[in-house]
Amino acid sequence: MLKWLNASMTRKISGLSFVLLSFLLIVILYSVYKLQSINQEMREVADIDIPLTDTISQIDKYQLQQDLLLARLHELDAQATLDHEQQARLIGRIGRHTLDTHEALAQLESIIQTGLHRRRIRLDIKAHRSLVQQIHQLRRLQQSYSDQTIRIIDQLPALPKTLWAPLHQQEAELDRQMSQLLAQIETLTQTIATTSEHQERNFMLINATLGISALGIGLYLTLYIIQSFRTRLGHIQTQIKNLQNSLHHPATKPTQPHLDGPSKTNSTISSPVQAQQNGFAPPRHQDELSGLEQDLRQMLNHWSETLQNRDQVEQHLLTLATTDQLTGIFNRHKWDEQISQALDRATTGEPFSVLLVDVDYFKQVNDQHGHDVGDQVLYVLAQTLSEHLLQQCRIFRLGGEEFAILMLNTDDSAAQKRAETLRSLIEAHQWAPLPSITISIGGSSYQKPDNAQSLLKRADQALYEAKKAGRNQVSWH
Ligand SMILES: Nc1nc2c(ncn2[C@@H]2O[C@H](COP(=O)(O)OP(=O)(O)OP(=O)(O)O)[C@@H](O)[C@H]2O)c(=O)[nH]1
């Protein structure tokens, strides 16, 4: 039970929906079954009971005619005036009466037999079967009575009293059995009609009860879903607000949401005044969903701002890590990365070259003009070289007054020409008011199986030779 209570809302709703749908299915199946049964009972009443009632009224009528006929026989017998014509008329009437009653009884028997055979009779089958037997006996009795009556007519008038007695006896027996049969049929049809009515009433009552129950379950389910939905929304809102609080006030530990509902002890959330103090306006939402949407939007804005700031900080840190502070060009760290990439590409056949650039007699610049002027000279030199680099070239400050130029996709001869251009550019540069300087360049191009050390060693050797040869020149290894 407890497990069920702790199950997720979805499972609870699914469970309740399943119960409701099963219940509705049972109601529908029960209604279909009952309607079918009532329909059959109505058919039984229409096909069996109504014809039976009609037939027994006819038999009643024939019974009365039979009594009258007997009374007339008595009368004629007493008067002793019966001629042949009257006798023939009487025989004819008795014959008709016998035939009619016989046919009516046969009809009764046929109605019940057909009903039983076609399974139309569903209520009190046993009583119907017993009726069939009784009717059968009655037909035999009625036949024998009419035979006897005709024999008596032949002996009229002045029939001895001893012959009347058996006829009266048979008539009384026929009357008794006939009345008994008719009474039984009447009672049976009435019972069937009452049972049928009773069942219809019960059906209506049960159906109404089931319908009301289904409505109740449906209502409960709807209210439960709404309530669960609101509770969940409350939890989410609480968590979002806690998260917002923790973003705005990182030092404050976020309050854990209460597992069984919105926390009543969480004053940060429940008090509008405090919420305002914390930077959140009290809720002015039309419903829980719009409130939740607003809270989520606020939080997303905050996160997006935070992420943007973080990106900017990361970008700034990256620039600091790869840029020389004095000259604004790439530093040694970046140089290591770029040379490594150039070496990787060189293994696929792409040529590249490196130049080591060193200011001539830079110590004198510092000594004669001061360190600050020396810095400015380094800055102007770096900018001038940068401005005149080709698109595939990068410049780096390796340290002190030493620079390196990486010439991607540039072979030996092109690199030498470009180095000479740069050297003469610095020699011809208008340095005033700064002191004029020249540069020496040592260069080398990638040769298999160079690595960063071997390549730089050759360039450094070339630079040394350029210095040794009198400076302000390019040397190549
Ligand atoms: N202003 C300034 N001077 C620096 C900086 N870094 C290194 N230096 C100076 O650069 C000078 C380098 O001098 P040396 O390496 O002896 O050589 P040089 O005087 O340039 O002579 P050659 O290279 O042989 O032509 C030193 O005096 C360093 O103090 C810097 O960032 N700013």
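This tour moves through a predicted model, from the ligand site to an aromatic cluster and then to two single residues.

Begin by selecting the ligand together with the residues around it. There are 16 residues around the ligand, and those that come nearest are Tyr361, Phe362, Lys363, Asn366 and Asp375. If you colour this shell by residue class, you will find 4 nonpolar, 4 polar and 8 charged residues.

Next, show the side chains of Asp358, Arg397 and Glu401, and look at their N and O atoms. An N or O atom in the side chain of Arg397 is 2.9 Å from an oxygen atom of the ligand, while for Asp358 the corresponding distance from a side-chain N or O atom to a ligand oxygen is 3.2 Å. The side chain of Glu401 likewise places an N or O atom 3.2 Å from an oxygen atom of the ligand. With the surface switched on, consider how much of the ligand is covered: taken alone it exposes 660 Å², and the protein buries 66% of that area.

Now switch to a cartoon view and pick out β1 (352-359), α10 (362-369) and α11 (371-387), which are the elements that give two or more residues to the shell around the ligand. Of the elements in this shell, α11 supplies the largest share, with 4 residues.

For the next stop, select Phe330, Trp335 and Phe396, which form one aromatic cluster. The count of aromatic pairs in the model comes to 4. Keep Phe330 in view and add Lys334, whose charged end sits over the ring of Phe330 at 5.3 Å from the ring centre.

Then go to Lys448, which you will find in the loop between β4 (439-445) and α13 (452-468). This lysine counts as exposed because its relative accessible area is 67%, where the cut-off for exposed is over 50%. Add Leu343 to the selection and draw a line between the two C-alpha atoms: Lys448 and Leu343 are 105 residues apart in sequence, and yet 9.9 Å apart in space.

Finish in helix α5, which spans residues 161-248, by selecting Thr189 within it. Is Thr189 buried or exposed? Thr189 has a relative accessible area of 11%, and is therefore classed as buried, since that term applies under 20%. If you display the backbone of Glu186 as well, you can follow the side chain of Thr189 to the backbone oxygen of Glu186, which it reaches at 2.8 Å.

Technical notes:
Residues numbered from 1 in each chain as written. Predicted model: local features only at pLDDT ≥ 70, side-chain atom pairs only at ≥ 80, totals over all residues. Heavy atoms only, no water. Near = heavy atom within 4 Å. Polar contact = N/O pair within 3.5 Å; in protein donor to acceptor, adjacent residues only side chain to side chain. Areas by Shrake-Rupley, 256 points an atom, 1.4 Å probe, with all protein chains shown as cover. Nonpolar A, V, L, I, M, F, W, Y, C, P; charged D, E, K, R; others polar. Buried < 20%, exposed > 50% of the residue type's maximum accessible area, 1.4 Å probe, protein only. Phe/Tyr/Trp six-rings, centres within 6.5 Å; stacked < 30°, edge-to-face > 60°. Lys NZ or Arg CZ within 6 Å of the ring centre and 35° of its normal.
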